[in-house]
Amino acid sequence: MVRAHLSVWDDVSSRPALMTMVRSAAIHRSAAARLRETATGVLAQALSGVVTGEDAELRTSMVATQLTGLAMMRYVAVLEPLGSADTDTVVRYYGRALQAVLDD
């Protein structure tokens, strides 16, 4: 899941639109709505049947929050050393953190 998320952001054809959406979400309601739809819609599809239990929707939204924050700090704000870290390292560490949320 983390690798797939990063691959979308690493794609030079999609990154400008994603960056615009994330930057704009803080000040434009329509951009915030679009970001929420993207985060929860795509993620909900990917995690359907994987995350179960009464709090499945909450945990799914928590994962969406973590992935959005990762993208914000890696690609928009470029927090180092995260911004220049190799993908495998980010996937290894971040994947563990997200797995803890998904496993309950």
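**Exercise 1. Where is the place of Val78, and what is unusual about its backbone?**

Keep in mind that you're working with a predicted model.

*Step 1.* Find Val78 in the structure: it sits in the loop between H4 and H5.

*Step 2.* Check the backbone. Val78 has a positive phi of about 50°, although it is not a glycine. Most residues other than glycine have a negative phi, and most peptide bonds are trans.

*Step 3.* Now for the surface. Buried means under 20% relative accessible area and exposed means over 50%, with partly exposed in between. Val78 comes out at 40% relative accessibility, so it counts as partly exposed.

*Step 4.* Stay in the loop between H4 and H5, which is also the place of Pro81. The peptide bond joining Glu80 and Pro81 is cis, with omega about 10°.

**Exercise 2. Work out how helix H1 packs against helix H5.**

*Step 1.* Two packed helices are described by the angle between their axes and the distance between the axes. So let's get both.

*Step 2.* H1 covers residues 2-10 and H5 covers residues 87-103. Their axes are 9 Å apart, and the packing angle is about 135°. That makes H1 oblique to H5, since angles over 145 degrees would be needed for roughly antiparallel and 65 to 115 for roughly perpendicular.

*Step 3.* Add the handedness: H1 and H5 make a right-handed crossing.

*Step 4.* List who meets whom. On the H1 side you'll find Val2, Arg3, Leu6 and Asp10. They meet Thr87, Asp88, Val90, Val91, Tyr94, Gly95 and Leu98 in H5. Sorted by class, the residues of this contact of H1 with H5 are six nonpolar, two polar and three charged.

**Exercise 3. Zoom in on Arg3 and describe its links to residues elsewhere in the chain.**

*Step 1.* Arg3 belongs to helix H1. Its relative accessibility is 42%, so Arg3 counts as partly exposed.

*Step 2.* Leave out neighbours within four places in sequence, and Arg3 is in contact with Thr87, Asp88 and Val91.

*Step 3.* Look at the side chains: Arg3 and Asp88 make a polar contact through theirs, at 2.9 Å.

*Step 4.* Try a C-alpha distance too. Arg3 and Tyr94 are 91 residues apart along the chain, and 9.6 Å separates their C-alpha atoms.

**Exercise 4. Now describe how H1 packs against helix H4.**

*Step 1.* H4 runs over residues 56-76. The axes of H1 and H4 come within 11 Å and cross at roughly 40°. H1 and H4 are therefore oblique to each other, because roughly parallel would need an angle under 35 degrees.

*Step 2.* The crossing of H1 and H4 is right-handed.

*Step 3.* From H1, the residues involved are Val2, His5, Leu6, Trp9 and Asp10. Their partners in H4 are Leu67, Thr68, Leu70, Ala71, Arg74, Tyr75 and Val76. The class tally for the contact of H1 with H4 is eight nonpolar, two polar and two charged residues.

**Exercise 5. Is His5 buried or exposed, and which residues does it touch?**

*Step 1.* His5 is part of helix H1. With 19% relative accessibility, His5 counts as buried, because the cut-off is under 20%.

*Step 2.* Ignoring residues up to four places away in sequence, His5 touches Leu67, Thr68 and Ala71.

*Step 3.* Finish with one pair of atoms: a polar atom of the His5 side chain lies 2.9 Å from the backbone oxygen of Leu67.

Terms used
Residues are numbered from 1 along each chain as its sequence is written. This is a predicted model: local features need pLDDT of at least 70, side-chain atom pairs count only at pLDDT 80 or more; totals for chains, interfaces and linings use all residues. Side-chain values use heavy atoms; hydrogens and water are left out. Axes are lines fitted to C-alpha atoms, for helices over the stretch in contact, and angles run from 0 to 180 degrees between N-to-C directions. Helices (H or I, at least four residues) and strands (E, at least two) are DSSP runs, numbered from the N terminus. A crossing is left-handed if the near helix is turned anticlockwise from the far one by less than a right angle, and right-handed if clockwise. Contact means heavy atoms within 4.5 Å. Ala, Val, Leu, Ile, Met, Phe, Trp, Tyr, Cys and Pro count as nonpolar, Asp, Glu, Lys and Arg as charged, and the others, Gly among them, as polar. Buried means under 20% relative accessible area, exposed over 50%, partly exposed in between (1.4 Å probe, protein chains only). A polar contact is a pair of N or O atoms within 3.5 Å; within protein, one must be able to donate a hydrogen and the other to accept it, and residues adjacent in sequence count only if both atoms are side-chain atoms.
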